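This report sets out how one protein chain is arranged in three dimensions. It begins with a single residue and then turns to the overall fold, a pair of helices and a pocket.

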Amino acid sequence: MSDEKNESKKANQDLPLGLKVLITGFVGGLFWGIIWYVAYFFNFTDVGPNLLWKAWTLGSWSEEATGQWIAISLLAILSIGVAFFYRYVFAKITSMWAGVGFGALLWVIIFYISNPLFIGLDSVPDLSGITIVSTLSLFVCYGLFIGYSISYEYEMEKYTGT
């Protein structure tokens, strides 16, 4: 039993940092995209993961569950790029606050700066309070997940010298 545990631990340490970042980004995007959809489904937010489709007029399918799940899949893929961006820009910052700030920055970029791109998305002052709080919380948790995971792996790679 101990040998299996050591082999599993050794296999995890053998993965290059780039692959760990890729996995972290994909899993983070998938997990937090699903949480976002659950929050949307239970009316904690008026904006779901299908926000990605609001930049184009695509038809009614983008508002249905199919559109939400395809958007979650796309979020998982886009999240890989976000994770690599974090790795190359912020990975040396070991504080959890860097990830929290990164998530809040992503929220500001999407809901304030990119807002004119999304057809039918109200401006932030016009959004309901629960939508603002819910989406901001989701983005902060997403940023914390990405940031802390990547910074941890970066530090472990420096520490172990692999």
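## Ser79 and its surroundings

Leaving aside its neighbours within four places in sequence, Ser79 is in contact with Gly25, Gly28, Gly29, Tyr142 and Ile146. The model in which these contacts are found is a predicted one. Ser79 belongs to helix α3, and its relative accessible area is 2%. Ser79 is classed as buried because that value falls under the 20% cut-off. Its C-alpha atom lies 8.7 Å from that of Leu22, although 57 residues separate the two along the chain.

## Overall fold

The secondary structure of the protein consists of five helices and zero strands. Followed along the sequence, the elements give the pattern α-α-α-α-α. The protein has 162 residues, and 38% of them are buried. Of the contacts with a separation of 6 or more, 70% join residues that are 24 or more positions apart.

## The α2 and α3 pair

Two packed helices are described by the angle between their axes and the distance between the axes. Helix α2 spans residues 17–41 and helix α3 spans residues 65–90; their axes come within 7 Å and cross at roughly 145°. The crossing of α2 and α3 is right-handed. The residues of this contact comprise 18 nonpolar, seven polar and one charged.

## The largest pocket

Which helices contribute to the lining of the largest pocket with at least two residues each? They are α2, α3, α4 (96–113) and α5 (129–160). The largest pocket has a volume of about 510 Å³ and is lined by 22 residues. Nearest its centre lie Leu75, Val82, Ile110, Phe139 and Tyr142. Tyr142 is also among the residues that Ser79 contacts. By class, the pocket lining holds 18 nonpolar and four polar residues, with no charged residues.

## Residues in the loops

Two of the residues described here, Val124 and Ser128, are placed in the loop between α4 and α5. Val124 has a relative accessible area of 6%, and it is counted as buried because this is under 20%. Not counting residues up to four places away in sequence, Val124 touches Trp107, Phe111, Tyr112, Asn115 and Ile132. For one of these, Tyr112, the C-alpha atom is 6.8 Å from that of Val124, at a distance of 12 residues along the chain.

Ser128 has a relative accessible area of 27% and is partly exposed. The C-alpha atoms of Ser128 and Thr45 are separated by 8.1 Å, with the two residues 83 apart along the chain.

Asn43 is located in the loop between α2 and α3. Is Asn43 buried or exposed? At 60% relative accessibility, Asn43 counts as exposed, because the value is over the 50% cut-off. Its backbone has a positive phi of about 60°, although Asn43 is not a glycine. Most residues other than glycine have a negative phi.

The table gathers the accessibility values of the residues discussed.

| Residue | Relative accessible area | Class |
|---|---|---|
| Ser79 | 2% | buried |
| Val124 | 6% | buried |
| Ser128 | 27% | partly exposed |
| Asn43 | 60% | exposed |

Notes
Residues are numbered from 1 along each chain as its sequence is written. This is a predicted model: local features need pLDDT of at least 70, side-chain atom pairs count only at pLDDT 80 or more; totals for chains, interfaces and linings use all residues. Side-chain values use heavy atoms; hydrogens and water are left out. Axes are lines fitted to C-alpha atoms, for helices over the stretch in contact, and angles run from 0 to 180 degrees between N-to-C directions. Helices (H or I, at least four residues) and strands (E, at least two) are DSSP runs, numbered from the N terminus. A crossing is left-handed if the near helix is turned anticlockwise from the far one by less than a right angle, and right-handed if clockwise. Ala, Val, Leu, Ile, Met, Phe, Trp, Tyr, Cys and Pro count as nonpolar, Asp, Glu, Lys and Arg as charged, and the others, Gly among them, as polar. On a 1 Å grid over the protein atoms alone, a cavity is a set of points where a 1.4 Å probe fits but cannot get out, and a pocket is an open set with protein on both sides within 12 Å along at least five of seven lines; lining residues have an atom within 4 Å of a point. Grid points are joined across faces, edges and corners, and a volume is the space filled by probe spheres set on the points. Buried means under 20% relative accessible area, exposed over 50%, partly exposed in between (1.4 Å probe, protein chains only). Contact means heavy atoms within 4.5 Å.
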